[in-house]
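This note addresses the cysteines of the structure shown below. The points are set out pair by pair for a colleague who has not yet seen it.

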Amino acid sequence: AESTQSSVSSGINAEYGGATATVACSTNSTDQMVTRYCGTTGVWGTTNSGACDSKWTAEVDSILSSMRDVDTTNETATTEAVDKIKDMVSSNADEMAVKDLTNITDSVGTLLAKMDEVSNETAAGLAETLGGMSNADTEVISELTDDTKAKMVESVESLVNKLPADQVVETASIAMKKISSITVDKVESLPQPTGGGGKVKASTLKMNKASKNAPAVAVVDKESAKKMFITPEADDAEKGFGTTEQSIDSEIISLDFGDSDDLDFDVEIDVDRDGDKTSTKTLTRICKSYKSSTKKWSSAGCETKEPTTDDGMYTCTCNHNTSFAIILSASDIEDTSQTTASTILNSINIAFLFLTVMCILPFRQFRSRRLMGIQAQLCLSLLLAHVLFLVTGTQTSSSGACTPLVVIVQYLFMVSIAWSVCASVTLYDKIVNALKSYGKVDKNYFVKCLVGCWSSPVVLVVGTYITAYAMGSPEAPYISKEAMVGDSLADTCWVSSPWKWVGFVIPIYLCILLNLVLFFMVARVIIKAGKQGSSTGHAREFKALLSISATACLPWIVIAFTAINVSIISQISQWLFIIVTGIQGPVMFICFVIFQEDVITNLFKLAGQSPPEFLVPPKSTSKSAASKSAQSSVVPRTTVAPTASAAPAKKESPLPTPKNDENIYSKVDDADDKKSFTGIGDIAEKEATAPVEQDDDVVYENNAAEGSDEGAINAASYPHVPQLV
């Protein structure tokens, strides 16, 4: 046919998905049309040029007409008719149209139906005709219907059954023999097509038990078999990682034992494995049989025994009549590096989260503090989420436990991010908004966080699932059938789009964005306070910011980049997310336990020991600028010298020096130690009416903060920050 797929593609724009393109088969013929369907996704289907003639169509039809009318009892006339079509196919198959190949296949079947026995010469001509059609243009072969290909196979099987006993016919593409008798356990060498070039050894047959009839054998070479037989497809059990494609990888052995039953035999088949070493796929080979009734390949009724040596042959142990071949399954090579790294880092993460929870929750003096209680709940929810996430990773989309696990894991991660928001708001209130709040404390704040963080995600996650279930759209299922793992698609257990965005990703993005804003506001205050008063470097500020970023789950921000549909960016983002989430547990353990002097001291006391010096920061004797500023603003200075007769003035005790090395968490939870935000001490509390928490429900006014001359607190100097940090 003069029409090609490219010419048909030009007949319609890809934007018209769902339409069918139609063009004339040739410029000289407008009554014969070739069509091609354009899918709704803009992908072209197979060209249908079955109505098109080739330049050989008229001559082929004439030869076939004579062959169909030939007197099959006249062996000479039959042989001559067969030779004519054989020569036509041998010389011109590559220029024939789909119509020509279809008519030849039908005519050969009609001729064989009229014959009881076929001579070797006629059989060779018919075999060359059937095999020669595989030399047609690849595009034309691809347009042949499954029915036409099935008729080709049936003609080969019919032809070999009409051969005289023990007669061998060998052509370039097909070899045949009708065996008269066969002995149990005796290896029978099977005929082999002559066009293989000796790359593979001849197949063999061995009967494991006696059969009623000896078989009629037809062997089709690999390249011809790929075109004559329907392409095999992998079933669910045969699918590997990612995309799995199957192909015929050996010559096809057709065995027909007639009406024999209870068969048991071994067929040894050789394959060419030279390309295995350079393949970029995972390769597996299995024995399959072609069933004419279903026009499909199946592994049922056959067992595969792989060769024990490099030059060995595959053994198919089967129990039924049909055509057998070695089928090659090529799957994407599974990149387990991300899975392995994720499992290892998640395990480490889980271990440290567990340690952090056990270092805080069992002790009332720690969990009763507002911020530490929030951090403990954050670690607990993350611990549960990561444990179940590992379990979910072992499931597939078809698993019954997949959906409930996905819903629970999403819920637990949403709980975690909710607790991080509560922690961020707490830090903002205690550091940025400390002087504006005048010491006001909501004693029910933790309870509100407890109820809200554990209950509100239920509405979002479960509501999304119910909506997806109620809609029941096959195009938008709740669970994804496959997902990207590395660079390949794999069957995984996770929520699909758009539901993962609606009920999980977008809410997490919004929470992280809020945490990020609060983090920058808190960091600004801490950094400014450090510049004003620190004389020992910025180690305290760094530890504080690290602790806050871990509490606010800011490392999760890298998840946003995993959604970018660019391979290299997505890959880097996936690795960053695996690493960042994997070390979250160790970082939280360092921040919430190691950096907490009272927590680490308590742990060592339980063992009757004192913590080593490197875990306990040294006490600084230098006064910070913030301390000096606070002292000067709250302690009045006298300018009158005492007289000699006057009683000796009582020497004022020096103001206590703030502990510069205390971290942010020891003073944020000030409700426990009843200290002033200024952290100056008892004298500062008496001289400057700074807010003192005596009752969680009471709001104390801070006159100094309102601008009184005596004892005024300069808000710009952040006097409360050094101790908080």
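1. A residue is called buried when its relative accessible area is under 20%, and exposed when that value is over 50%. The model discussed here is predicted. By this cut-off Cys-287, with a relative accessible area of 1%, is buried.

2. How many disulfides does a search of the whole structure find? The search finds 3. A disulfide is a covalent bond between the sulfur atoms of two cysteines. Each pair is taken in turn below.

3. Cys-287 is joined to Cys-316 by a disulfide, with an S to S distance of 1.9 Å. The link of Cys-287 and Cys-316 is left-handed, with -85° about the S-S bond. Cys-287 belongs to strand E11 (residues 281-291) and Cys-316 to strand E14 (residues 314-318), so this disulfide ties together parts that lie 29 residues apart in sequence. Cys-316 has 0% relative accessibility and therefore counts as buried, and Cys-287 is buried as well.

4. A disulfide is also formed by Cys-302 and Cys-318, whose sulfur atoms are 2.1 Å apart. Cys-302 is in strand E13 (residues 302-305) and Cys-318 in strand E14; the two are 16 residues apart, and the pair links distant parts of the chain. Because the torsion about the S-S bond of Cys-302 and Cys-318 is about 115°, this disulfide is right-handed. Are the two cysteines buried or exposed? Both Cys-302 and Cys-318 are buried. Strand E14 thus deserves attention in the display, since it holds Cys-316 and also Cys-318.

5. Between Cys-402 and Cys-493 there is a disulfide with an S to S distance of 2.0 Å. Which parts of the chain does this pair tie together? Cys-402 lies in helix H12 (residues 402-432), whereas Cys-493 lies in the loop between strand E17 (488-490) and helix H15 (499-533), so the parts joined are 91 residues apart in sequence. The torsion about the S-S bond of Cys-402 and Cys-493 is about 110°, and the disulfide is therefore right-handed. Both Cys-402 and Cys-493 are buried.

6. Two further cysteines may be noted for their burial. Cys-379 has a relative accessible area of 1% and is buried. Cys-453 is in no disulfide; the nearest cysteine sulfur, that of Cys-422, is 3.6 Å away. A disulfide requires sulfur atoms within 2.5 Å. At 3% relative accessibility, Cys-453 also counts as buried.

Definitions and conventions: Residues numbered from 1 in each chain as written. Predicted model: local features only at pLDDT ≥ 70, side-chain atom pairs only at ≥ 80, totals over all residues. Heavy atoms only, no water. Helix = DSSP H or I, 4+ residues; strand = E, 2+ residues; numbered from the N terminus. Buried < 20%, exposed > 50% of the residue type's maximum accessible area, 1.4 Å probe, protein only.
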